[in-house]
Amino acid sequence: MSGVLLVCHANTCRSVMAHVLLERMLVVRGLEDIRVRSAGVARFARDGMLASLDARLVLREIGIHLAEDAFASTDLRRHPELLDDAAVVVTMTLEQKRAVGELTAASSSSSG
């Protein structure tokens, strides 16, 4: 199975919207075997935070109703295995790309 990991700061807004939209696009194209995950990389990211109201409102404007409890955030620092499972990692900013690179390097050095 192929995987895509979408990364933003806290995994409550941008990556949530990208995650939901990409899943929908893949289903429409018959590509359900591609697994989509998302995570946050900032110091304040933590597991279990709810998708922001703003993200849910924007999604609703385009016809996607994401219930408040339908999504919980993931802290990438606590779950670096998500990087190993991803064929593609998409970050929202250069800062996040650097943070993912640091996590990848740390994970590689601790496993070797």
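This short presentation describes the strands of one predicted model and how they are arranged.

Good morning. I shall begin with the sheet as a whole. Strands of a sheet pair through backbone hydrogen bonds, and the pairing may be parallel or antiparallel. In this model, three strands make up an open sheet, ordered β2-β1-β3, with parallel pairing. At the edges lie β2, residues 35-40, and β3, residues 88-91, each of which pairs on one side only. From one strand to the next, the twist averages 20 degrees.

Let us now turn to β1, which spans residues 3-8. How many bridges join β1 to β2? There are six, and the two strands run parallel. Two positions illustrate this pairing. G3 has R35 in β2 as its bridge partner, and V4 stands opposite V36 in β2.

On the β3 side, four bridges link β1 and β3, again in the parallel sense. Here V4 appears once more: the bridge partner of V4 in β3 is V88. V4 is thus a useful residue to locate in the structure, with V36 of β2 opposite and V88 of β3 as a bridge partner.

Are the residues of β1 buried or exposed? Six of its six residues are buried, and the strand is mostly covered. The covering applies to both faces: one side carries G3, L5 and V7, the other carries V4, L6 and C8, and all are buried.

Finally, I shall follow the chain onward from β1. The chain passes through helix α1, residues 14-28, before reaching β2. This β-α-β crossover is right-handed.

Thank you for your attention.

Notes. Residues are numbered from 1 along each chain as its sequence is written. This is a predicted model: local features need pLDDT of at least 70, side-chain atom pairs count only at pLDDT 80 or more; totals for chains, interfaces and linings use all residues. Side-chain values use heavy atoms; hydrogens and water are left out. Two strands pair if DSSP finds at least two bridges between them. Axes are lines fitted to C-alpha atoms, for helices over the stretch in contact, and angles run from 0 to 180 degrees between N-to-C directions. Buried means under 20% relative accessible area, exposed over 50%, partly exposed in between (1.4 Å probe, protein chains only). A crossover is right-handed if, with the strands pointing away from the viewer, the path from the first strand over the helix to the second runs clockwise.
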